[in-house]
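User: Hi! Could you help me see how the words used for a structure follow from its numbers?

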Amino acid sequence: MYDDLSALGLRESATFDRATIHGIQRAATTGVYDIRGWGAKRRLPHFDDLLFLGASMSRYPLEGYRERCGTDVILGTRNARYPLHLDIPVTIAGMSFGSLSANAKEALGRGATTAGTSTTTGDGGMTPEERGQSKTLVYQYLPSRYGMNPDDLRKADAIEVVLGQGAKPGGGGMLLGQKITDRVAGMRTLPVGVDQRSACRHPDWTGPDDLTIKILELREITDWEKPVYVKIGATRTYYDVKLAVHAGADVVVVDGMQGGTAATQEVFIEHVGIPTLAAIPQAVQALQELGVHRQVQLIVSGGIRTGADVAKAIALGADAVAIGTAALIALGDNHPRHDAEYRALGSAAGYFDDFQDGRDPAGISTQDEVLAARLDPVEGGRRLANYLRVLTMEAQTIARACGKAHLHHLEPEDLVALTLESAAMARVPLAGTDWIPGAHP
Amino acid sequence: MEALTGTPPEATVPATVVDLGSSSVRDLNQALHAPDAALRATHWRVLNPRGAHSVACGLTEDLSVDIEGHVGYYCAGMNQRATVAVHGNAGVGVAENMMSGTVRVRGNASQSAGATAHGGLIVVEGDAAARCGISMKGVDIVVGGSVGHMSAFMGQAGRLVVCGDAGDGLGDSLYEARLYVKGTVKSLGADCVEKPVREEHLAELAELLKAAEIDEDPAAFRRYGSARGLYHFQVDNAGAY
C-alpha cells in the first residue's frame, strides 16, 4: 500500500508518521493516554550494533561441539549463606501472578527448572504453583508489598528488592480491574474488580541509607541465608549501582528501557530510561571502581533475544541476564495461530502488546479462566526450556569461536561496534578502528 | 550472646535476658528464631537496645519480648504471633508488614509505623509520625496520641484509631481501611471522606480501645473511609490526584 501511495508522489512525514498521527487521533477521541504492555518499541542502539571478533591468528578458538565451554553462574556470594548456583546465565525476570495467569507462572517455573535456572515472582506475591514448579525462585520485594508475607520470604531462594524497572523507572504500576479476580484480589487484600495501584516508592524506606537498614532487616528475618538482589531501572546507572552496593546488595539487577511491563503509559515506556547497551558499562564501571566486579554479581535485562545478546551482555561485564518478553514469546505470546483473535482486538500477531486488558488470546497475560486454560503449563515449560537451551548453545558457539572455555571469559576486547552511538555507549571501538567515542586518553 | 535469667517485676515466670550491650542483634534474633525458642523461654527481656535496628524482627512463635529502651528501624518487623513491647520510642517502620501478634510502643513511633501490616494489633501509646499505617492490609493500629501526615495512605484493610489529631492528607487514596480520629484532622487526602458513626462502629471502637488498654470514649471519635470514587482510573478524576 505504501509503495502505491509513494508512486503517486505521496510522502509520509518522518515526524508525523502514521503511528504518530494515529496516536494523536486516539488521544483526541478518548482523552486518556495510551497504556500498554511490552517495552520500548522505538529503534535504539542495541546489541545488534555490536559484533564479536572471532579467533584467528592471535586467538585460538575452541572446537565447537567438542571442547567444553562452561555456562554456570553463582549468584549472591557476597553475604548469603546459600548463594544460587545456576547451570546457565539466563534467568527469568520478575513477572507477577495477576498480570500473568497461574498457568503462565507455572510454565515459567517449569521451563526455568528444566533448564537449570531461576525464575522470579512479581507484584502480588508467590503462588503455590510457581513455588512448586520452580527449583530456584527469587522473591520480589516490591513497594506495594501485595501478597508479601514472611512465610513466602523464607520459602524463597533469594530476595530481590525492586526499586524500579526499565520500562518505567520512577513509576509504579496499575493492574486494571478486569484482571482483579477473586484470587488476585484475595492475594492482594483488595476488593474484586478495582484498579489496583502499585506504589512507586517503598512505604518504609527512602534513599540508600534506609535501604542499607532494610536489607539488614531482610537478612535478619531470613537469618542471612539468602542472597539479596537490588533491581533498578536503568537511568543514572553508575550512581545507582554504587549506592546499591554500598547498601549491601549481593546482586544488582539492571533493567534497560527495552525491558517489558504489563501495563504502563506509552509515553513513559518510550521516553524514560536509557538503553540496556548504555547501562551495562556504567554498571560495570561502578562495580570495578568499588572493587567488587564479579563479587557483587550483575544481572542485565531489557531486550535479550538471542544467544548473541547473552554473549554480548556477558562480554560487557554482566554475570547473567534475565528475560521477560522473550520468555513470554517462547510460551506462545504473539504466535501467528492467534492472529485472527489479535486482529479482533485491534492488533495482530507480532504486534500485540495489550497485556493490561486481560484478553490475551494466548492465555498468558490474562486472568480469564477460559483464555488461561489455553496455555498448557507443561507444554509451555517445555517450549521455554527449549528456548533457554538455544540461547545457551548460541552463546557457547560464540564464546568458543572467541576461544573461551567459559561464557564468563568473554570480555569487551572481544567486541567492536557498528555505529558511533553503540561504540560510545558500549565503550568498545568502532569496527576497523581503535576509536571509542567519548573515551578519555 | 550471654543469656541471663532474670525476673521482671511484673512477670511471674523467669525471663531469658539478652543484653544488647554485650550481644549483637544477630545473636538475639537467631535465638528468637531458633526452633526451640519457645521451649527455652516464653518471656524474653532485651536490655540496652540503644536504637539498634531490626530488634526482634521475623518472630514466628508465641513469645513475649520486652525491650527495655529505644529501638531503631523495623523493630518487630514481619512479626507473627509474638507479643513485643518497646519500653521506649521506636524508629521507622515498627512492626512493618506484621502478620499477627501484638506490638506495643510505650513511647512514640517514627514514620511508617505498621506499614503494609496484614494483621495483629499495634499500639503506640505516644504519637506516631508521618505515614502511620501506610498501605495497611488488615492490621489494627491504635495510637494514644497524634499521627503525622499521610497516615493510612493507600490503606487497604484494617483499622486505624487515633486518640489525638491527624496531620495533612489522612487516608489519601484509601481503599477499605477504616479510620477513627478523636481530635482534629488537618486535612483529608484524595478520596477520603467522613462517614457516619453507627452502632457497629462504636462497638468495634470499644473493642479496639479495650484491646489497646486505652481509656477513651468511643462516642468521642469520628469515622473516615474511602469514597470509592477513585477505584477506577477515569480521566475526569485526573485533577483529584
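Analyst: Happily! Angles under 35 degrees count as roughly parallel, over 145 as roughly antiparallel, 65 to 115 as roughly perpendicular and the rest as oblique. This is a predicted model, where local features need pLDDT of at least 70 and side-chain atom pairs count only at pLDDT 80 or more, while totals for chains, interfaces and linings use all residues. Residues are numbered from 1 along each chain as its sequence is written, with chains lettered from A and ligands numbered from 1 in the order in which they are written.

User: Why are α11(A) and α15(A) called oblique to each other?

Analyst: The axes of α11 (residues 307–315) and α15 (residues 377–401) of chain A cross at roughly 60 degrees. That value falls in none of the named ranges, so the two helices are oblique.

User: What makes α10(A) largely enclosed by the rest of the structure?

Analyst: A residue is buried if 20 or more other C-beta atoms lie within 10 Å of its own. In α10(A), 10 of the 14 residues are buried, so the rest of the structure largely encloses this helix. Among the buried ones are T276(A), I280(A) and L287(A). They pack against elements of chain A including α8 (237–246) and β12 (251–255).

User: How do you know that the span of α10(A) agrees with its 14 residues?

Analyst: The expected span is 1.5 Å times one less than the number of residues. For α10(A) (residues 276–289) that should be 20 Å, and the end C-alpha atoms are 20 Å apart, so the two agree. Just after α10(A), G291(A) has a positive phi of about 75 degrees.

Notes
Axes are lines fitted to C-alpha atoms, for helices over the stretch in contact, and angles run from 0 to 180 degrees between N-to-C directions. Helices (H or I, at least four residues) and strands (E, at least two) are DSSP runs, numbered from the N terminus. A residue is buried if 20 or more other C-beta atoms lie within 10 Å of its own, exposed if 12 or fewer, and partly exposed in between; C-beta atoms are placed from the backbone. Two residues are in contact if their C-beta atoms, placed from the backbone, lie within 7 Å.
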